[in-house]
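Here are a few exercises to work through with the model open on your screen. Try each task before reading its solution.

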Amino acid sequence: MSDPSDLVHHLADFSRALRDHGVGINMSDEADGLSALTLIDLGDRAEVRRALRTALKIRPRDLAVFEELFDRLWTARTGSARLLAQKRSVPVAGRSRPQSGAPRPGRDAALESVMPEGEEPGYSPEAVLRRKPFDELSPADLLAMERLLARLALRLATRRSRRRVPSVRGEIDLRRSFRRAIAHGGEYLSLARRTRAVEEPRLVVLCDTSGSMDPHARFLLGFMLALRRVAKSERSSEIFAFNTTLVRLTPFLRTLAPERLSRVLERLAAEVPDWAGGTRIGECLAEFVDHHLDQRVDARTVVIILSDGLDRGDIAPLADAMRAIHSRARRVLWLNPLAGDQRYEPTARAMAAALPYVDQLLPAHNLESLERLLPLLAA
Amino acid sequence: MRAEIATLQEDMERLGYIADPAITTALFLSREMRRPLLIEGDAGVGKTEIAKVLARLLSTELIRLQCYEGLDVSTALYEWNYQRQMLRLRLAEQEHKSADEIEDLIFGRSYLLERPLLRAITRREGPAVLLIDEIDRADDGFEAFLLEVLSDFQVTIPELGTIRAEHIPYVILTSNRTREIGDALRRRCLYLYIEHPSLEKEVRILRARVPGAGAALSEEIGRFMQALRRRRLSKAPGVAETIDWAQALLHLHRDHLDRETVEETLGCILKDQHDLRDLSGAALDPVLAEATG
């Protein structure tokens, strides 16, 4: 590894392999990697590994991929042998792009990365047959809902940040007051004031689309889509669907936003595997925790889960996942269509396991019950 | 291994910080490449401590900026001393000074209150260690501002002009990862993720920091902590908690762990009421068995 140009190639190939496996490395990181390598003992493989981890800024969630690629691709002594003959075909567990079969024509590129290839039949073998036509949400319902939401959307943005911004009312802002006074020869003719900024909430919605939720899921999801469109926080809100797997819907919505709601929903039902199939809440939420929690949920985020909590799976992962979500989010709301019934008790096993980590359990059987949700999304 | 990295490790150990090679390599690179080091990891794994040790190692001043939501430029960078300026202004009027003279007077360096960031770049005696603690608590806006300061190490104050760094400070940023740090800031820094220590490392830390605890008790404490972190906890205890606990046990004159002792002092290591409830009474026994067995 004495020839510096060899080192450059080596690093470039390694970085490309990382990128191919979804680790975000750009040119400036590569440059950092190179400067780091010139400073350390290149003969010490462990040191090279540590230096690259620091200089390429490898986060814990990318560490497994990094370690595996490093083991395979970074030989201790390259010399003249070009190392990465097989580089592009190295599969890494869980992170590689789909490789089997040609991509289906007509599918969104964004879809490719979020949709697992449909290899797993899940609970319900007839799931695919059960995709029903979209006729339950009437156009009149949708129109009424959008009008209502436009009116209510303003109520969303009411969280007060601790950040101060100039304002007509509020506490006195010395810095600006003094500035103004100088313009008047040192006389405080008027005082500048400041107040706490208003902050947009971030929303993360997790919608259960399993069979038992089917009559409700489309309506609830429609509600969330409309909410997302009228809310100013569109860019910071995320929607996921789950039943036996977790699917991030946000990329679809970006491309489909101007279309009519029903068309969007129709398209979703076609794309989500197992729409109206069985459900595995725990596994799906655990997957959310593993892959999305760090990135998409912070102290400003309200997490909304839409589900009836009827699950046949193991409840231990569910409780763990709920605990992790609850500890990170600003608030966790659980919307349960069954809760609309006066006699409802949250006794379903999954629901009971999740309940300690839910800030509020709310009914979601009609539009009126959803209206009550809005004030909870902020404040 | 590079000789300097090995030396750094010994030096840190001499000051009571048991560093593994990942930490020393990152520190070494950050020092050589003159780049800020962003350190992430759970609370209590010793992120802040690194900056403190580094300052002692370089015999320089540690300047600390604790971040919080709403942190703004006037707390982080500089503020004019308005009251003094006002007084001077009134005096100057009686002295019949011209407007320009007055302005020069009251916007002088002596009326400027230096906050941590400005102090770090104006320090004359040599580079300081600047610790920007818990950056994840500040808002995104502040992060963008910080990026600017950390890129150029110069600050523009409208009334004074641009102040360039006398010496570029060693910068360490820490984050508990309550939110993701923006890509731009992360790219500006080198990166280090610290995990909870291995048993061997944790016992060495204990021996260095609480020598009075003795080898046998330190080993038991270490094994107990390792066993504890393997459970599902909402808030896994860090090394800071281990050290607190060992000190508490020392004050109570305990030389080994039994159920009663652990129950009395569990509050030193578990700070979450769910965890405390889950691990009370008989639930402690399997953890204890792992520690003492």
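**Exercise 1. Work out how strand E1 of chain B is joined to strand E8 of chain B.**

Keep in mind that this is a predicted model. Start with the residue ranges: E1 covers residues 37-40 and E8 covers residues 170-175. The two strands run parallel, and four bridges join them. Now pick out facing residues. B:Leu38 sits opposite B:Leu173 in E8(B), and B:Ile39 is opposite B:Thr174 in E8(B).

**Exercise 2. Find how E1(B) pairs with E9(B).**

Here, too, the pairing is parallel, with four bridges between E1(B) and E9(B). For a residue to click on, take B:Leu38: its bridge partner in E9(B) is B:Tyr191.

**Exercise 3. Put the five strands of the open sheet in chain B in order, then explain why one side of E2 and of E9 is left without a neighbour.**

First, the order: E2-E5-E8-E1-E9, with parallel pairing. Next, look at the edges, where strand E2 (62-66) and strand E9 (190-193) of chain B stand. Each has a single partner strand, so one side of each lacks a neighbour in the sheet. Going from one strand to the next, the twist averages 20°. Finally, see what packs on the sheet: helix H3 (residues 47-57) of chain B touches E1, E2, strand E5 (129-133) and E8. The direction of H3 makes about 170° with that of E5(B).

**Exercise 4. Are the faces of E1(B) covered or uncovered?**

Begin with a rule of thumb: in a regular strand, side chains alternate between the two faces of the sheet. Then sort the residues by side. B:Leu37 and B:Ile39 lie on one side, B:Leu38 and B:Glu40 on the other. All of these are buried, so both faces of E1(B) are covered; the cut-off for buried is 20 or more other C-beta atoms within 10 Å.

**Exercise 5. Which residues touch the most other members of the largest nonpolar core?**

The general tendency comes first: in soluble globular proteins, nonpolar side chains tend to be buried together. In this model the largest nonpolar core has 91 residues, and B:Leu37, B:Val129, B:Leu130 and B:Ile172 touch the most other members. Zoom in on B:Leu37: leaving aside neighbours within four places in sequence, its contacts include B:Ala26, B:Leu27, B:Ile172 and B:Leu192. Another core, of 46 residues, lies apart from the largest one; among its members are A:Phe242 and A:Leu285.

How values were computed: Residues numbered from 1 in each chain as written. Chains lettered and ligands numbered in written order. Predicted model: local features only at pLDDT ≥ 70, side-chain atom pairs only at ≥ 80, totals over all residues. Pairing = 2+ DSSP bridges. Axes fitted to C-alpha atoms, helices over the stretch in contact; angles between N-to-C directions. Contact = placed C-beta atoms within 7 Å. Buried ≥ 20, exposed ≤ 12 C-beta atoms within 10 Å, placed from the backbone. Core = buried A, V, L, I, M, F, W, Y, C linked by C-beta atoms within 7 Å.
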